[in-house]
Amino acid sequence: MPTPRGEPPLVAGIDEAGRGCLAGPVVAAAVILPPEYHLPGLTDSKLLSARKREALAPAIRASALAWGLGVVWSRRIERVNILRATLEAMSRAAATLRRAPGILLIDGNRTIPEDLLLAAWRGCPESLPRQRAIVGGDRSEPAISAASILAKTFRDRLMAALARRWPGYGLERHMGYGTAEHLAALQRLGPCPLHRRTFRGVLPKAQAAAEAWGKLC
């Protein structure tokens, strides 16, 4: 739904979860909050306990003017690299919003490449929102903080569900990050389909080198 003429453009905050993981997808969320929005405790999801995030997430979804999610899975991450996959997830999240944002506030130091936005906006360059990257935006911009919480809570629940399909790795505890428990499980079991095989630590060094060489040949 476009913004009526004469009204200020809607602002969407965007953040991701799972970029540094060894397994599972990268998930991005986009959130448009009402003007003068205040939710006690709203801040960067990394500063909150899991219980606090789970308490804030439904309040955010209920009060947001619009929110959306974008998910990019492990095989795509391997093909295009994690930075490109993260930006793809962000563009998908923005494109799912039921209200069209005029401005995207993106946590970090990079905006979404125009080709990704064009693909998400179905090739309509006139409707592309402006963008601004904000380092530390997940702490300074409420819409980005809200997006960080929705991305994190969705991904954590997803990883807990996937852990039941691929047990033994402890995915429900570390959510795919490279903890000592996770690395030990990889040594014992090898990678499962959720693992990002191009990430250091997922494959034994000899196997990783062989697979990398095979892609060059």
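These exercises work through cysteines, a pocket and selected residues of one predicted model.

The model is predicted: local features need pLDDT of at least 70, side-chain atom pairs count only at pLDDT 80 or more, and totals for chains, interfaces and linings use all residues. Residues are numbered from 1 along each chain as its sequence is written, and side-chain values use heavy atoms, with hydrogens and water left out.

**Exercise 1. Cysteines**

Task: Find how many disulfides there are, and explain why Cys-192 is in none.

Solution.
- Step 1: Recall the chemistry. A disulfide is a covalent bond between the sulfur atoms of two cysteines.
- Step 2: Set the criterion. A pair of cysteine sulfur atoms must lie within 2.5 Å.
- Step 3: Count. The rule gives zero disulfides.
- Step 4: Check Cys-21. It is in no disulfide, and the nearest cysteine sulfur, in Cys-192, is 13 Å away.
- Step 5: Check Cys-192. Its sulfur is 13 Å from the closest cysteine sulfur, that of Cys-21, so the pair is too far apart for a bond.
- Step 6: Add accessibility. Buried means under 20% relative accessible area, exposed over 50%, and partly exposed in between (1.4 Å probe, protein chains only). Cys-21 is buried at 0%. Cys-192 is buried at 8%.

**Exercise 2. The largest pocket**

Task: Give the volume of the largest pocket, then describe its lining.

Solution.
- Step 1: Define the object. On a 1 Å grid over the protein atoms alone, a pocket is an open set of points with protein on both sides within 12 Å along at least five of seven lines; a 1.4 Å probe fits at the points of a cavity but cannot get out; lining residues have an atom within 4 Å of a point.
- Step 2: Define the volume. Grid points are joined across faces, edges and corners, and the volume is the space filled by probe spheres set on the points.
- Step 3: Read it off. The largest pocket has a volume of about 370 Å³.
- Step 4: Locate the centre. Of its 18 lining residues, Val-11, Ile-32, Leu-33, Pro-34 and Pro-35 are the closest to the centre.
- Step 5: Sort the lining. Ala, Val, Leu, Ile, Met, Phe, Trp, Tyr, Cys and Pro count as nonpolar, Asp, Glu, Lys and Arg as charged, and the others, Gly among them, as polar. The lining has 13 nonpolar residues, one polar and four charged.

**Exercise 3. Thr-43 and Arg-53**

Task: Place Thr-43 and Arg-53, then list what each touches.

Solution.
- Step 1: Fix the elements. Helices (H or I, at least four residues) and strands (E, at least two) are DSSP runs, numbered from the N terminus.
- Step 2: Place both. Thr-43 sits in the loop between β2 (26–32) and α1 (50–63). Arg-53 sits in helix α1.
- Step 3: Grade them. Thr-43 is buried at 17%, and Arg-53 is buried at 9%.
- Step 4: List contacts (heavy atoms within 4.5 Å). Leaving out residues up to four places away in sequence, Thr-43 touches Leu-48, Asp-138, Arg-139, Ser-145, Ser-148 and Ile-149. With that exclusion again, Arg-53 touches Ser-45, Leu-48, Ile-149, Lys-152, Thr-153 and Asp-156.
- Step 5: Check the sequence gap. Thr-43 and Ser-148 are 105 residues apart along the chain, and their C-alpha atoms are separated by 8.5 Å.

**Exercise 4. Ser-74**

Task: State whether Ser-74 is buried or exposed, and find the distance from its side chain to the backbone oxygen of Leu-194.

Solution.
- Step 1: Place Ser-74. It belongs to helix α2 (residues 74–80).
- Step 2: Grade it. Ser-74 is buried, at 3% relative accessibility.
- Step 3: List contacts. Beyond four places in sequence, Ser-74 touches Gly-24, Pro-193, Leu-194, His-195 and Arg-196.
- Step 4: Take the distance. A polar atom of the Ser-74 side chain lies 2.6 Å from the backbone oxygen of Leu-194.
- Step 5: Compare chain and space. Ser-74 and Pro-25 are 49 residues apart in sequence and 5.5 Å apart, C-alpha to C-alpha.

**Exercise 5. Positive phi**

Task: Give phi for Asn-81 and Met-175, with the setting of each.

Solution.
- Step 1: Take Asn-81. Its phi is near 85 degrees, positive in a residue other than glycine. Asn-81 lies in the loop between α2 and α3 (82–95). Asn-81 is partly exposed at 44%.
- Step 2: Take Met-175. Its phi is about 60 degrees, positive although Met-175 is not a glycine. Met-175 lies in the loop between α7 (171–174) and α8 (180–189). Met-175 is buried at 12%.

Methods. A polar contact is a pair of N or O atoms within 3.5 Å; within protein, one must be able to donate a hydrogen and the other to accept it, and residues adjacent in sequence count only if both atoms are side-chain atoms.
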